[in-house]
Amino acid sequence: MAPSRRTRTVNSTDLLSRRARGIGDPGTLFRLNLKVLRGIILQGSRNFIKVWSKTSKSTIMYESGKIYFENYQKCYSCVHTEPQNLYKLPKRSKLEKFEDALLCQCPLVNLFNLLLFLTASNWLYRLSAETGEELQRVYLSSKHKFRSLSWDVSQEIFYVKSVKNKETPLARQAGVSENTVMHLAIFHVFPLQIVGILEITKRVFGNGITDAVLSQGVLAVSYNNKSVKLFSFEHILHRHMTEKLILGRQSLLLRGKTVGEAPFGIPVNIQVTDCPPVLFEVSCTNNGVQIGGHPWHYIYTPPQKNLKGTHHICSLKDVIVTSSGRTVKRRFQQLDDDPDRETFRMVEYDNELDILGVVVTNGEEGEGRAHVRLHDNQSGQLQRTVDLVEPWDETYQHELCFDKDTIIHIEQKNNNFCCHVYKLKGT
């Protein structure tokens, strides 16, 4: 019979003493710190108090303790009792404006807190997330226009997606079909190194392609018939990489030119000549399918109209669908514009504290007030409630972030954006 696992309260004084003496690995200390913080947040002796608000004409973004204004040009840190200006980048021209950004970080050390920026002129910048200092720049291509950055976290890679090539009316009239749909430039994160540029073509992957993404080490290609096909990215690299590239080194594909430098950029070195084996294919709404868990499962919403609002969970074995799994349905559909009823607006999950934050609006006062319910993720039990001071207008867009001892509420009113910050404080 296995011994029962003991549970004990973490003593914060003992924890600080152990940390000062260097006892225990950083991961263990970090988890114990979070356990102490969770206990402090859920007890009733401290409250979330609104400490700061700021408006902007452009979109406001929050990411891991930092608030970004003016398209990432201005950054505020939220680690203090109220947000403080961390840095402001110089103004950029239209050609050099940031198209998209990603934050790279490690929760245990600050060594890897980096920002990746994609500019309108196809440059990839690596900046310090603490100071805004430029650390590295890579030129992608003069032939393909890149637009967005995305993660494949489990593989520790990110990729830059190009705009989708569209057939012009003149080309259709002439009977000329554009074979290339888009390009993906794939990079390792630490250190920043190129994997390659993958070309997505109709000849290889078929007609009707609407999108392509990388996730969990697979290439997922979406089609306009609401189907998604999954391919092994590892298989594609093994079979179709024509040259291993290194940033700053010469490439045969560039006829001896340097990889990552203007005006040549990075060549297409993943040239798929025949369709890879399809791991599996599924039809779903909005081409959305998520894979994960152990053993492997995937979740999707079937494309049929009568199944709208349901999520089907299916198991995978040897990459083959073996069962239809169970169906998760919404119990009811609540009208968003009913001010006289309590309505769930959004759910935010803090994976480090294992706490769910549920935004609920209540129209009893007649002015659209909202509060955040904090639930234990394991049991679902309500632990405490946090009232938001500012009104919640349902006609505008809202975003809420729950991050340890901080709650961020970002709202859009017409052409203005406003950020409200709440911090945990003692009574």
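## Helix over sheet

α5 lies across β14, β15 and β16, and its axis runs at about 55° to β16. This is a predicted model.

The sheet beneath this heading is open and has 4 strands, in the order β14-β15-β16-β17. Pairing is antiparallel. β14 (209-215) and β17 are the edge strands. Each has a single partner strand, so one side of each is left without a neighbour in the sheet. From one strand to the next, the twist averages 20°.

## The β14-β15 pair

β14 pairs with β15 (residues 218-223) over 6 bridges, in the antiparallel sense. Within this region, Leu 214 stands opposite Leu 219 of β15.

## Second largest pocket

This pocket holds about 540 Å³ of space. Its lining counts 26 residues. Gln 155, Gln 216, Gly 217, Val 218 and Glu 234 lie nearest the centre. Elements giving two or more residues to the lining are β13 (193-201), β16 (227-232), α5 (233-240), β17 (278-283) and β20 (310-317).

By class, the pocket lining divides into 16 nonpolar, 6 polar and 4 charged residues. Domain 2 (92-283) and domain 3 (293-335) each supply at least three residues to the lining.

## Enclosed space

The model has 1 cavity of 30 Å³ or more. The largest cavity has a volume of about 30 Å³. Cys 104, Leu 114, Leu 116, Arg 126, Phe 158, Val 189 and Leu 192 line this cavity. The cavity lining has 6 nonpolar residues, no polar ones and 1 charged residue.

Key: Residues numbered from 1 in each chain as written. Predicted model: local features only at pLDDT ≥ 70, side-chain atom pairs only at ≥ 80, totals over all residues. Heavy atoms only, no water. 1 Å grid on protein atoms, 1.4 Å probe; cavity = no way out; pocket = protein on both sides within 12 Å on 5 of 7 lines; lining within 4 Å. Points joined across faces, edges and corners; volume = space filled by probe spheres on them. Nonpolar A, V, L, I, M, F, W, Y, C, P; charged D, E, K, R; others polar. Domains from an automatic or database assignment. Pairing = 2+ DSSP bridges. Axes fitted to C-alpha atoms, helices over the stretch in contact; angles between N-to-C directions. Contact = heavy atoms within 4.5 Å.
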